[in-house]
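Good morning, everyone, and thank you for making time for this. Please have a look at the sequence and the structure as they come up, and then I will talk you through two parts of them.

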Amino acid sequence: MKRRNKIYLYMTVLLIVIYLALLTILCLSEYTDSQATIRSFSDAFWYSIVTLTTVGYGDLIPVTPLGHAVGIVFLLLSAGLMMTLFGAVLSFVTSEGLPLFLLGLQRKKDWYYFADYGAEANVLAANIYKEDPDTVIIFGEKKDDQMEFPDYPCLFISVSPAKIVARKQGVGTKCKVFLMKENDIGVNSRAVDLHKLPVEVYARTTNGQDHLPGNIRFFHSYDCCARQYWRTRPLCAHENTIVIIGFGNYGRFILERAIFTNVISIDQHVAYHIFGDAEEFLATHRYLKEVFSMGEESETSDSLIFHNDCWEGHHEVLERADRIIICKDDEPEGWNIFWRLNRYYRVSGHIHLHSNRAAPGVSYFGTNEEIYTPNQIMRTALNQAAITINEIFRRSVSYPTLSWENLDDFHRESKISAADHLLMKMRILLKDETITEFTAETLEKAYQVYCETTKSGEMKDNYRRLDHMRWLRFYTFYNWSYGAVRNDAAREHPMLCPYDRLNPEQRRERDAAWELLGSIQTELK
């Protein structure tokens, strides 16, 4: 590239020298003739411009033979020059020149760069623009002729993120870069050296990692979908049988969030019937048997029953299910299951279908419009309660603790799980299963109920038992087991045992999760 630039430089210098030489020859040859109209270097320059641009005013003309020869050269060059200028303008307009120029005029605005244009990127960009119309959306590829132009202003510029950042010149906020294809961070050429740029990177992944040191953040579309699902469609007190059909990425995260969040009573015995290949899941989470009844329904605890055979043959389970969640990764297959259930089975419970398109009379979830929002992907609001919990914890202890940005994935997930269950705690205290968001008013009411009801020792004990159930589920899911002393390397903890085996001090530790209602309410105010 450097060698090519030097060649261009040398050619430019040579052309300038030739042009100046022609002007000098023209000026000297005409100056000696008394009838000449070109009497100075400026006259020669003006004549050359008029001739090269084919304007031809006729106010200045050469009269000497040598002057005529130079004029002929200028005439011959004029056609080539005009074609070159026309080509340069056309190239500037049709290539990346014009978009980059327009981009440079908007440095003070927020820039959002998408490595590729696709359905998910389009929805997220539209949602970003809806929240902030004074923003710049950039797609890192050329617009295809068959591509329908988005309904919001955007630029299609097929250049690397580094060139985009160079145009920003450090003005305004950092540019945000999105890699919307699954596990794109390791394969997309535009992801190379992103960690070295002054940008915020959000990369879609199917792995468990949440972030890397520095500027790269991962988001999990399946996890976002699962959290959104249980937040908007919480487990109700009357539900005892839940059927999950499909145990791919969506099904696995739906179950995972159910394990963390669906703790509403110390007497609950919810049976989850899961249809799909669970061999890898069961091999990974080997301690779930400590808190769940595995393989058969129980009247004293929640159950996880995994079925390797087809769901079609389990009529009795489907007919008494309080809720059937269809979450096949293959969406058309999910729709096929939905229609077959409605046509051939007596279903008394609700059927919830994972679908990216709406249909009248269908209870669907997980559309791109729900999942690919700034709050979901950039975690600005979805994790706000978890971030607040961590800050409250840091202020409450005398020893140094880590900020949210420096927490590892396990401790981040611990805070997220506790925050998500706060919504369930609010529903329990206020006896309102419709609560789906944190508000200062609702938190205050819930905390007042908690303070009033904990005057009874029995109720306080019940609250502690409930949160201990939630806490046990989380730690056993991550393969922690009982140990006389806490050992993070061995994943052992002295409180990983039935509640009745805890000492009074350990039981009191469970109060902190409920007291967070008051602390977060104060923070929101």
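I will begin with a sheet and the helix beside it, and then turn to a single residue. Please keep in mind throughout that what we are looking at is a predicted model.

As general background, the strands of a sheet pair through backbone hydrogen bonds, and they can do so in a parallel or an antiparallel way. Here we have an open sheet of 7 strands with parallel pairing, and if you follow the order across it you read E9-E10-E8-E7-E11-E12-E13. At the edges are strand E9, residues 293-294, and strand E13, residues 363-365, each of which pairs on one side only. The partner of E13 is strand E12, residues 350-354, and these two run parallel over 3 bridges; in one such pairing, His352 has Ser363 of E13 as its bridge partner. Packed on the sheet is helix H7, residues 221-232, which touches E11, E12 and E13, and whose direction makes about 160 degrees with that of E11.

Now to the residue, Asp302, which sits in the loop between E9 and strand E10. Is Asp302 buried or exposed? Its relative accessible area is 3%, and because the cut-off for buried is under 20%, Asp302 counts as buried.

What does the side chain of Asp302 reach? It comes to 2.7 Å from the backbone nitrogen of Val270, and it also makes a polar contact, at 2.8 Å, with the side chain of Gln268. Beyond its close sequence neighbours, within four places, Asp302 is in contact with several residues, among them Asn262, Tyr272, Phe292 and Arg473.

Key
Residues are numbered from 1 along each chain as its sequence is written. This is a predicted model: local features need pLDDT of at least 70, side-chain atom pairs count only at pLDDT 80 or more; totals for chains, interfaces and linings use all residues. Side-chain values use heavy atoms; hydrogens and water are left out. Two strands pair if DSSP finds at least two bridges between them. Helices (H or I, at least four residues) and strands (E, at least two) are DSSP runs, numbered from the N terminus. Contact means heavy atoms within 4.5 Å. Axes are lines fitted to C-alpha atoms, for helices over the stretch in contact, and angles run from 0 to 180 degrees between N-to-C directions. Buried means under 20% relative accessible area, exposed over 50%, partly exposed in between (1.4 Å probe, protein chains only). A polar contact is a pair of N or O atoms within 3.5 Å; within protein, one must be able to donate a hydrogen and the other to accept it, and residues adjacent in sequence count only if both atoms are side-chain atoms.
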